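Visitor: Could you take me through one part of this structure up close? I'd like to see how a helix packs against its neighbours, and what lies around that spot.

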Amino acid sequence: MSRVLVLGGSRSGKSAHAEALLAGVPDVVYLATSSGADDDAEWAARVSAHRARRPAGWTTVETTAPSELLRGGTVLVDSVTTWVAALMDQTGVWADEPGAADRLAARCDALVNAWTMTPAHVVAVSDEVGLGVVPETRAGRLFRDTLGAVNQRLAGTADEVWFVVAGLPQRLR
């Protein structure tokens, strides 16, 4: 059992590094937290490229509830970033609905608790979004802050933490 967190900026090579960490593992559940959008050809092409490089023996599950699948075996979660964005949609945070912040906190807690308690070997990929300028919008700051807090909590209980910059993985822990 181990928990590995792979962080990096957009297009840094973090997903490829996470996949390389599991090279040779025949039975991996690839937990994709975002699927292709029919109305966004560029995003669909990115999702297709990710799918194409996965080994044939890996099982892909597309869901925004990774906490439900961290039960055993080997799991690759790609990515915490798109999962948090989806949770913000699902909980009504963007629209500032009553109780939305509490619902979001509960969903984030569920992921962190599952990560901490899992008997699985889990490799999770997430963007490090706190290295740039402060976002101009409330929504941008809320997303950055939420993802940053989740990343810190996952890293705090991870057995290994990697940071990928320009395709170069650096082990932090």
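**Around helix α5**

Guide: Helices α4 and α5 are roughly parallel to each other, because their crossing angle is under 35 degrees. What you're looking at is a predicted model, in which local features need pLDDT of at least 70 and side-chain atom pairs count only at pLDDT 80 or more, while totals for chains, interfaces and linings use all residues. Residues are numbered from 1 along each chain as its sequence is written, and side-chain values use heavy atoms, with hydrogens and water left out.

So, back to the pair. α4 covers residues 100-117 and α5 covers 138-156; their axes come within 10 Å and cross at roughly 20°. (Axes are lines fitted to C-alpha atoms over the stretch in contact, with angles from 0 to 180 degrees between N-to-C directions; helices are DSSP runs of H or I with at least four residues, and strands are runs of E with at least two.) The crossing is right-handed, that is, the near helix is turned clockwise from the far one by less than a right angle. On the α4 side, Leu104, Cys108, Asp109, Leu111, Val112 and Trp115 do the touching, and they meet Thr146, Val150, Arg153 and Leu154 of α5; contact here means heavy atoms within 4.5 Å. That set splits into 7 nonpolar, 1 polar and 2 charged residues. (Ala, Val, Leu, Ile, Met, Phe, Trp, Tyr, Cys and Pro count as nonpolar, Asp, Glu, Lys and Arg as charged, and the others, Gly among them, as polar.)

α5 has another partner, α3 (residues 80-90). Their axes also come within 10 Å, but cross at roughly 130°. That makes the pair oblique, because the angle falls outside the ranges for roughly parallel, roughly antiparallel (over 145) and roughly perpendicular (65 to 115). This crossing is right-handed too. α3 brings Val80, Thr81, Val84, Ala85 and Met88, while α5 brings Leu142, Phe143, Thr146, Leu147, Val150, Asn151 and Leu154. Here the count is 9 nonpolar, 3 polar and no charged.

Now for a hole. The structure holds 1 cavity of 30 Å³ or more, with a volume of about 40 Å³. (On a 1 Å grid over the protein atoms alone, a cavity is a set of points where a 1.4 Å probe fits but cannot get out; lining residues have an atom within 4 Å of a point. Points are joined across faces, edges and corners, and the volume is the space filled by probe spheres set on them.) Its lining is Leu70, Val77, Val80, Leu111, Trp115, Val122, Ala124 and Leu154. α4 and β5 (121-127) each give two or more of those residues. The lining is 8 nonpolar, with no polar and no charged residues.

α3 also takes part in the largest pocket, as do α1 (14-21), β2 (28-32) and α2 (41-53), each supplying at least two lining residues. (A pocket is an open set of points with protein on both sides within 12 Å along at least five of seven lines.) This pocket holds about 580 Å³ of space. Of its 24 lining residues, Ser15, Trp43, Arg46, His50 and Asp78 are closest to the centre.

One last detail: the peptide bond from Asp78 to Ser79 is cis, with omega near 10°. Ser79 sits in the loop between β4 (74-78) and α3.
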